[in-house]
Amino acid sequence: MSEYKMQYPTSFINEDGAKAKIFSSLDASTTDLHFKWMKEYGIDGVFMQRFYQNTKHEKKRGELTEILSNAFDAANKYNRAIAVMYDLSGLKKQESCYETLVKDWKALIDEFQFYNGKNKKNYLHHNGKPLVSIWGLGFIDRSYSIQSSEIEKFIDFLKNDPKYGGFSVMIGVPTHFRKLNNDCLPDPALHDIIKKVDVVQPWLVGRFKMKQLDNDVYSKQISQDVAWCKKNGVDYVPTVYPGFTWYNLQRMNGVNADERNPSLNAIPRAKGEFLNKQIDIALNKGSEMLYVAMFDEIDEGTAIMKVTNTPPVNGTFVDYEGLPSDHYLKIVGQAGKRLKTQNQ
C-alpha cells in the first residue's frame, strides 16, 4: 500500500497495531498507479471486466463506467492496451442478455469513442479490428444456455452492426471446450459460435496443479487446443495464472472452507515456478498470445499486482512467500518479451 496516493482504513490490524489500509478502485489515482506498474514491468495492457448483472443497475453501472473512464485515461497516459470484456456472471436461467448488452455497448461507444475517436489509439486491436471479449459461454455450472442468452445475436451485432459493429470478438470458454465434457456443457452450439468468432480463450484457472504440469497432462491440453483452433480457423489464447485459493471467499459466502478447500493454498504458487512452467509450455506448444489471470483478483488468490508479505494479523491470508512484492509483475513482463521475440 505504500505507493497508493489514496488509502482507506479497514477493520484489519497490522503487526504494529495500526489499522490496515486498502485502495479503492473508484479512485483515479489507484487506476493510474496500476497502469504505471504495467508500463514499468512491460505488461501490454488489460481487459476491463464488465459484469452483466452490474450493467443492469444504474448505480453499479455508473461505478463500472467511472472506473473504465479512469482506465482509458491511464491507458492513454502510459501507452498501454485496453479492451472491454463482458462477463456473463449473474445472467439468469432463460434470461436473454441481448437488449441489456446492446444498450450498454452503444452507450460505451458513444461516450468513450474507442472505435474511431479519442481512445482508438490504445484500444486493443486484433487482425486490424478493435477487440471485445465475452466471457462465460458453455460452462456446465451456469444456469443459462447459449440459446437462452441470445449471445450469438449479440456477437453478430458486435461484428456487423453498421454503426456500433466492426469488432473482432474473443470468447471465454471452459477448459474442455473441444470435447464438450467435464466443465463444459455438451452443447454443439458452442462449437458453432467458436467458429464465428476471432479468438477463443479457455478458462484454465483451478483446472491444473503442478502435478499436471509435470506429467504432460497440461502440455497435451495446450498442444491439442492449438491444433483444434488452427483446424477450425480461430486464434487461441490460453489462460495462465500464478496460483489459486478462495479460502476467504468461501468463508465469506458461508461455505466451510475446510470442506471445499482443505488448505489455504489450493494451488500453491511455488514462488513463481507454477506460473513460469505454464508460460514455458504454452509458448513451446505454439501459443502466440497469453491471457494472464488476473492483475488484481484478490478473492481467488490469482493477483499478480504488488502484495505485502506482512498481511494483517487478525485474518488468514496468502502472501508472496517472502519474494519481492513485484515478483509476479516481473514474470509476466518477461513472458511478454518472449512472446514478442517468438512472434517476430
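In this predicted model, strand β4 (residues 81–87) pairs with strand β6 in the parallel sense, over four bridges. Within this pairing, Tyr86 has Ile134 of β6 as its bridge partner. Strand β6 also pairs in the parallel sense with strand β7 (residues 168–174), here over five bridges. In that pairing, Val132 stands opposite Val169 of β7. A further pairing joins β6 to strand β5 (residues 125–126); this one is antiparallel and has two bridges. His125 stands opposite Pro130 of β6. Strands β5 and β6 form a hairpin with two residues between the strands, and in this hairpin Asn127 takes a positive phi near 55 degrees. Strand β6 itself covers residues 129–135, and six of its seven residues are buried, so the strand is largely enclosed by the rest of the structure.

The packing of two helices was examined next. Two packed helices are described by the angle between their axes and the distance between the axes. For helix α1 (residues 28–41) and helix α3 (residues 58–78), the angle is about 35 degrees and the axes lie 9 Å apart. The crossing of these two helices is right-handed. On the side of α1, the contact is made by Ala28, Thr31, Asp32, Phe35, Lys36 and Lys39. On the side of α3, Asn70, Ala71, Ala74, Ala75, Lys77 and Tyr78 take part. By type, the residues of this contact comprise six nonpolar, four charged and two polar ones.

Asn54 belongs to helix α2 (residues 52–55). Asn54 has a relative accessibility of 16%; buried means under 20%, so Asn54 counts as buried. When neighbours within four places in sequence are left aside, Asn54 is in contact with Lys60, Arg61 and Leu64. After α3, the loop leading to β4 contains Asn79. Asn79 is not a glycine, yet has a positive phi of about 55 degrees. With a relative accessible area of 43%, Asn79 is partly exposed.

Another positive phi of about 55 degrees is found at Leu180, which is also not a glycine. Leu180 lies in the loop between β7 and α7. The relative accessibility of Leu180 is 15%, and this residue therefore counts as buried.

Helix α9 (residues 217–231) contains 15 residues. From its first C-alpha to its last, α9 reaches 21 Å, close to the 21 Å expected at 1.5 Å a residue. The residues Tyr218, Ser219, Gln221, Ile222, Asp225, Val226, Trp228 and Cys229 of α9 are buried. The elements that cover the buried residues of α9 include the helices α7 (189–194), α8 (210–214) and α12, together with the strands β8 (199–203), β9 (235–236) and β10 (239–240). Just after α9, Gly233 takes a positive phi of about 70 degrees.

Asp235 is found in strand β9. Its relative accessibility of 28% means that Asp235 counts as partly exposed. Not counting residues up to four places away in sequence, Asp235 touches His126, Asn127, Asp198, Val199, Val200 and Met289. Among these contacts is Asn127, the residue with a positive phi in the hairpin of β5 and β6. Asp235 and Asp104 are separated by 131 residues in sequence and by 27 Å in space, C-alpha to C-alpha.

The loop between β11 and α13 includes Met294. The peptide bond from Ala293 to Met294 is cis, with omega near -10 degrees. Helix α13 (residues 327–342) has 16 residues, which should span 22 Å at 1.5 Å a residue. The end C-alpha atoms of α13 are 23 Å apart, which agrees with that span. The buried residues of α13 are His327, Tyr328, Leu329, Ile331, Val332, Gly333, Ala335, Gly336 and Leu339. Among the elements that cover these buried residues are α1, α12 (273–284) and β11 (291–292). Helix α1 is thus named in two settings: α1 packs against α3, and α1 helps to cover the buried residues of α13. Helix α12 likewise appears among the elements that cover the buried residues of α9 and among those that cover the buried residues of α13.

Technical notes: Residues are numbered from 1 along each chain as its sequence is written. This is a predicted model: local features need pLDDT of at least 70, side-chain atom pairs count only at pLDDT 80 or more; totals for chains, interfaces and linings use all residues. Side-chain values use heavy atoms; hydrogens and water are left out. Buried means under 20% relative accessible area, exposed over 50%, partly exposed in between (1.4 Å probe, protein chains only). Contact means heavy atoms within 4.5 Å. Two strands pair if DSSP finds at least two bridges between them. Axes are lines fitted to C-alpha atoms, for helices over the stretch in contact, and angles run from 0 to 180 degrees between N-to-C directions. A crossing is left-handed if the near helix is turned anticlockwise from the far one by less than a right angle, and right-handed if clockwise. Ala, Val, Leu, Ile, Met, Phe, Trp, Tyr, Cys and Pro count as nonpolar, Asp, Glu, Lys and Arg as charged, and the others, Gly among them, as polar. The expected span of a helix is 1.5 Å times one less than its number of residues.
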